[in-house]
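Student: I would like to learn how to read the way helices pack in a protein model, and then how to read single residues. Could you take me through it step by step?

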Amino acid sequence: MHPLLQLAAAWVGSLGFAMLFNVRGKKLPLASLGGLLAWAVYLLIARHTSNDYLCGFCASVALTLYAEVMAILEKSPVTVFLVSAAIPLIPGAALYRAMDGLMHGKLEGFVQYGRYALLFAASMSAGITVTTILFQLIRGGLRRRFQHTSTDKTA
């Protein structure tokens, strides 16, 4: 599939889920833009590696950074932007094929696709978790630094 078509589908998918989650106003296009960004990073990394899990990790890092920054700029919870943006990355086809294999007694397919879906979800979780922790540590350190600087000037 052509990359521009994939990016459009990622944007529309994120937009649909943002609407489903009642994201409103100017936050709606911003939330869906995160899905496009996440898929763009996925495609960019995929051009340089065949490791889907690395692509998922890097895309999750990018979407989490985007969500954290948008949350600050828009004075909204991070989840408004994070959840909608993560939708294009969810390994839905692998989950479907795993369940289909289980339901039809094809355990080899269940294990193969189930393992892929689980590992991909774990790579996404790792990207989100690591980025959130680092972002909060850096933000907290900067906040403390500026508080000390402002109290030094007033003293």
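Tutor: Let us begin with a pair of helices, keeping in mind that this is a predicted model. Helix 1 passes helix 2 in a right-handed crossing, and the two pack at an angle of about 145 degrees, with their axes 8 Å apart.

Student: Which residues of helix 1 and helix 2 make the contact?

Tutor: To read a contact, one lists the residues on each side. From helix 1 come Pro3, Gln6, Leu7, Ala10, Trp11, Ser14, Leu15, Ala18 and Met19, and they meet a set in helix 2 that includes Leu28, Pro29, Leu36, Trp39 and Leu43. Sorted by class, the contact of helix 1 with helix 2 has 15 nonpolar, four polar and no charged residues.

Student: How do helix 2 and helix 3 run relative to each other, roughly parallel or roughly antiparallel?

Tutor: Here one looks at the angle between the two directions, and an angle over 145 degrees counts as roughly antiparallel. The axes of helix 2 and helix 3, the latter covering residues 52-74, cross at roughly 155 degrees and come within 8 Å, and therefore these two helices are roughly antiparallel to each other. Helix 2 passes helix 3 in a right-handed crossing.

Student: What classes of residue are found in the contact of helix 2 with helix 3?

Tutor: Among the residues that meet there are Lys27, Leu30, Leu37 and Tyr42 in helix 2, and Asp52, Cys55, Tyr66 and Glu74 in helix 3. By class, this contact of helix 2 with helix 3 has 16 nonpolar, two polar and three charged residues.

Student: Now for single residues: is Thr64 buried or exposed?

Tutor: The general idea is to compare the relative accessible area with a cut-off, and under 20% means buried. Thr64, which lies in helix 3, has a relative accessible area of 0%, so Thr64 is buried. Once its neighbours within four places in sequence are left aside, Thr64 is in contact with Leu82, Gly127, Ile128, Thr131 and Thr132.

Student: Where is Arg24 found, and does it count as buried or exposed?

Tutor: Arg24 is in the loop between helix 1, residues 3-20, and helix 2, residues 27-46. For the exposed class the relative accessible area must be over 50%, and Arg24 counts as exposed because its relative accessibility is 58%. The side chain of Arg24 is also joined to that of Asn22 by a polar contact of 3.2 Å.

Student: How far apart are the C-alpha atoms of Arg24 and Val80?

Tutor: Places along the chain and distance in space are read separately: Arg24 and Val80 are 56 residues apart along the chain, and their C-alpha atoms are separated by 10.0 Å.

Technical notes: Residues numbered from 1 in each chain as written. Predicted model: local features only at pLDDT ≥ 70, side-chain atom pairs only at ≥ 80, totals over all residues. Heavy atoms only, no water. Helix = DSSP H or I, 4+ residues; strand = E, 2+ residues; numbered from the N terminus. Buried < 20%, exposed > 50% of the residue type's maximum accessible area, 1.4 Å probe, protein only. Polar contact = N/O pair within 3.5 Å; in protein donor to acceptor, adjacent residues only side chain to side chain. Axes fitted to C-alpha atoms, helices over the stretch in contact; angles between N-to-C directions. Parallel < 35°, antiparallel > 145°, perpendicular 65-115°, else oblique. Left-handed = near helix turned anticlockwise from the far one by under 90°. Contact = heavy atoms within 4.5 Å. Nonpolar A, V, L, I, M, F, W, Y, C, P; charged D, E, K, R; others polar.
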